[in-house]
Amino acid sequence: MDLPGTLSATTSDGVRLKYAQAGSSDGQQILFLTGWCQASSEWRNQVEYFSLAGFRVTTYDMRGHGESEKPDFGYRISRFAADLNDLLTQLNLEDLTIVAHSMGCSVTWAWWDQYPADHKRLDKLVLVDQPATMVRHPSWTDTQAVQFGTLFTPERMYELANNLAAHLRGVLKGFFTPSISEADFEWVLSENGKMSDAHATALLVNHGSCDWRHVIPRIAVPALVRGGLDPAPGIEWIAAQIPGARHYSFTAADKGYHFVFSENPDKFNAIVREFIAK
């Protein structure tokens, strides 16, 4: 197995993204894509497991995140999709499985929408705990809001965005089960803190305003759609839109919640590997 190394790629608008690869150079390709404010280091359990299993594992920090460059521009999902495509092209990743968590799903959906000529790079897709649209439209019924898995009213999204520093710890803590250790939580919080509040706020508003309901049904690769906690109506809706997609939601006993890949990596990794092998 190769030792994990950290390298950098440059986007088409000149931003350096730190990436790392581990595992056999001729192994099956798998890319892990983080969520909002998250650093690629948070995939550490997946990098170790899949690289030891013979996969070629790629992770990277999105612009403004982790150890990547932090310009004062480009904090919108469409630009993050362009960054993803730049990375896939420069590393020539093919026959690829993307495992996308949270906002990483939105970046992947935007990539699918914007770069149809590059769909051939993608073999399989794992989508983890991200609704098709985060903000409830004022005209929607309660049933529609639940069906689509919306998280915020428009007012609540802007309330969070306008005072992010005061809310971030509480919001992040709410994404974990009560069993997370204080040391583990503080480490995740410190990784989140590598992104500035100004950049995180701009990205949150753009991310929260996106609606992917007309993109998702056009995905044409095998997909596993995973919820953090059963039941997960918004996740079930996504799985129903992608032809042939599989759906799996964790239970409370599985430590299922938004960061299930961190809190129960053994089961998370086993299910992803089983899906890729089929």
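**Notebook: salt bridges and a helix pair**

I started with Asp 83 and Arg 79, whose side chains meet in a salt bridge at 3.0 Å, N to O. I am working on a predicted model here, so that goes at the top of the page.

Where do Asp 83 and Arg 79 lie? I found both in helix α2 (residues 77-91), 4 residues apart, which is about one turn of the helix.

Next I looked up accessibility for this pair. Asp 83 has a relative accessible area of 2% and is buried. Arg 79, at 10%, counts as buried too, because the cut-off for buried is under 20%.

I then moved on to Asp 113 and Arg 218. Their closest N and O atoms are 2.8 Å apart, and the two form a salt bridge. Asp 113 sits in helix α3 (residues 103-114), whereas Arg 218 sits in the loop between α8 and β7 (223-227), so the pair ties together parts that are 105 residues apart in sequence.

Are these two buried or exposed? I noted 36% relative accessibility for Asp 113, which counts as partly exposed. Arg 218 comes out at 43% and is also partly exposed.

My third pair was Glu 274 and Lys 278, a salt bridge with its closest N and O atoms 3.1 Å apart. Glu 274 is partly exposed at 33% relative accessibility, while Lys 278, with 64%, is exposed.

Which residues are joined into one network by salt bridges that share partners? I wrote down Asp 13, Arg 63, Arg 79, Asp 83 and Asp 86. My opening pair, Arg 79 and Asp 83, belongs to that network. For the tally, I have 19 salt bridges.

On to helix packing. I picked helix α5 (residues 154-162) and helix α8 (residues 197-208), whose axes come within 9 Å and cross at roughly 165°. Angles over 145 degrees count as roughly antiparallel, so I have α5 and α8 down as roughly antiparallel to each other. I also recorded the handedness: α5 passes α8 in a right-handed crossing.

What makes the contact? On the α5 side I listed Met 157, Tyr 158, Leu 160 and Ala 161. On the α8 side, Thr 201, Leu 204, Val 205 and Gly 208 take part.

How do the residues of this contact divide into nonpolar, polar and charged? I got 6 nonpolar and 2 polar, with no charged residues in the contact of α5 with α8.

Key. Residues numbered from 1 in each chain as written. Predicted model: local features only at pLDDT ≥ 70, side-chain atom pairs only at ≥ 80, totals over all residues. Heavy atoms only, no water. Axes fitted to C-alpha atoms, helices over the stretch in contact; angles between N-to-C directions. Helix = DSSP H or I, 4+ residues; strand = E, 2+ residues; numbered from the N terminus. Parallel < 35°, antiparallel > 145°, perpendicular 65-115°, else oblique. Left-handed = near helix turned anticlockwise from the far one by under 90°. Contact = heavy atoms within 4.5 Å. Nonpolar A, V, L, I, M, F, W, Y, C, P; charged D, E, K, R; others polar. Salt bridge = Lys/Arg side-chain N within 4 Å of Asp/Glu carboxyl O. Buried < 20%, exposed > 50% of the residue type's maximum accessible area, 1.4 Å probe, protein only.
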